[in-house]
Amino acid sequence: KLNIETGRHSNIPREERSCDFCAPVRSIIEDESHLLSDCSVGESHRKRMLSLLQELHCNKDLSLDSVGIGKITPNSDENHAITEEQLSKHIQIVTRAIKCMYNMSLKCKKTGNKINT
């Protein structure tokens, strides 16, 4: 579980629910957004996800800000129109990456390892 949730159940102040992996370098709250966007434990999965998404979207320059599911809609405008099939594949890629990052986080916490991606 993420510290944002476990800390809430343990009455730990929100600002003290820092990431177990990034805390030695910087104090940052371990929540879903942190895990997906910049936690060091998910770095390899994040890179793989961006690579797959760039390939899917014809090597358009993508950043983490542009991979959000809510930001891409089929045929939203002529320059960035995507098909229903591309949208479905996009969702599958992002979902798989989220699962991998979360599982890696759990594995590292369980074994007491720092980042072992």
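Which are the buried residues of helix 4? I started my notebook with that one. The buried residues of helix 4 turn out to be Gln86, Leu87, His90, Ile93, Val94, Ala97, Met101, Met104, Ser105 and Cys108. A reminder to myself before going on: this is a predicted model.

**Entry 1: the overall layout**

I looked up the secondary structure and found 4 helices and 0 strands. Read from the N terminus, the order is α-α-α-α. I then checked burial for the whole chain: of its 117 residues, 30% are buried. For the surface I noted about 7600 Å² exposed, with 50% of that area supplied by carbon and sulfur atoms. I also looked at contacts between residues at least 6 apart in sequence, and 43% of these join residues at least 24 apart.

**Entry 2: helix 4, continued**

Next I checked the length of helix 4. Its 28 residues should span 40 Å at 1.5 Å a residue, and the end C-alpha atoms are 41 Å apart, so the two values agree. I wanted to know what covers its buried residues, and the cover includes helix 2 and helix 3. Just past the end of helix 4, I noted glycine 112 with a positive phi of about 75°.

**Entry 3: the core**

How many residues does the largest nonpolar core have? I found 17, and those with the most contacts inside this core are Phe21, Leu35, Cys39, Val41, Met49 and Leu53. Helix 3 (43–56) and helix 4 (84–111) each supply at least two of the core residues. Helix 4 gives the most, with 6 residues. A general point I jotted beside this: nonpolar side chains tend to be buried together in soluble globular proteins.

**Entry 4: helix 3 and its two sides**

I moved on to helix 3, which has 14 residues and reaches 20 Å from its first C-alpha to its last, close to the 20 Å expected at 1.5 Å a residue. Its buried residues are Arg46, Met49, Leu50, Leu53 and Leu56. Why do I put them on the same side of helix 3? Because they cover an arc of only 125° around the axis. I looked at the other side of helix 3 too, and there Lys47, Arg48 and Glu55 are exposed. The buried residues of helix 3 pack against helix 2 and helix 4. Just after helix 3 I noted cysteine 58, which takes a positive phi of about 55°.

**Entry 5: histidine 45**

I picked histidine 45, which is found in helix 3. Setting aside residues up to four places away in sequence, I find histidine 45 touching Ala97, Cys100, Met101 and Met104. The C-alpha atoms of histidine 45 and methionine 101 are separated by 6.4 Å, although the two residues are 56 apart along the chain.

**Entry 6: cysteines**

How many disulfides does the count come to? I get 0. Cysteine 39 is in no disulfide, and the nearest cysteine sulfur to it, that of cysteine 19, is 3.7 Å away. The cut-off I needed for this step is 2.5 Å between the sulfur atoms. Is cysteine 39 buried or exposed? I count cysteine 39 as buried because its relative accessibility is 1%.

I checked cysteine 108 as well. The closest cysteine sulfur to that of cysteine 108 is in cysteine 39, 8.9 Å away, so the pair is too far apart for a bond. Cysteine 108 has a relative accessibility of 3% and therefore counts as buried.

**Entry 7: glutamate 32**

Glutamate 32 lies in helix 2. Its relative accessible area is 45%, so I put glutamate 32 down as partly exposed. Which residues is glutamate 32 in contact with, leaving aside its neighbours within four places in sequence? I found Leu2 and Ile4. I also looked up the C-alpha separation between glutamate 32 and glutamate 5: it is 10.0 Å, for residues 27 apart along the chain.

**Entry 8: asparagine 11**

My last stop was asparagine 11, placed in the loop between helix 1 (3–9) and helix 2 (32–37). Its phi is near 60°, a positive value in a residue other than glycine. I list asparagine 11 as exposed because its relative accessibility is 69%.

Key:
Residues numbered from 1 in each chain as written. Predicted model: local features only at pLDDT ≥ 70, side-chain atom pairs only at ≥ 80, totals over all residues. Heavy atoms only, no water. Core = buried A, V, L, I, M, F, W, Y, C linked by side-chain atoms within 4.5 Å. Buried < 20%, exposed > 50% of the residue type's maximum accessible area, 1.4 Å probe, protein only. Contact = heavy atoms within 4.5 Å. Areas by Shrake-Rupley, 256 points an atom, 1.4 Å probe, with all protein chains shown as cover. Expected span 1.5 Å × (residues − 1). Arc of directions from axis to C-beta.
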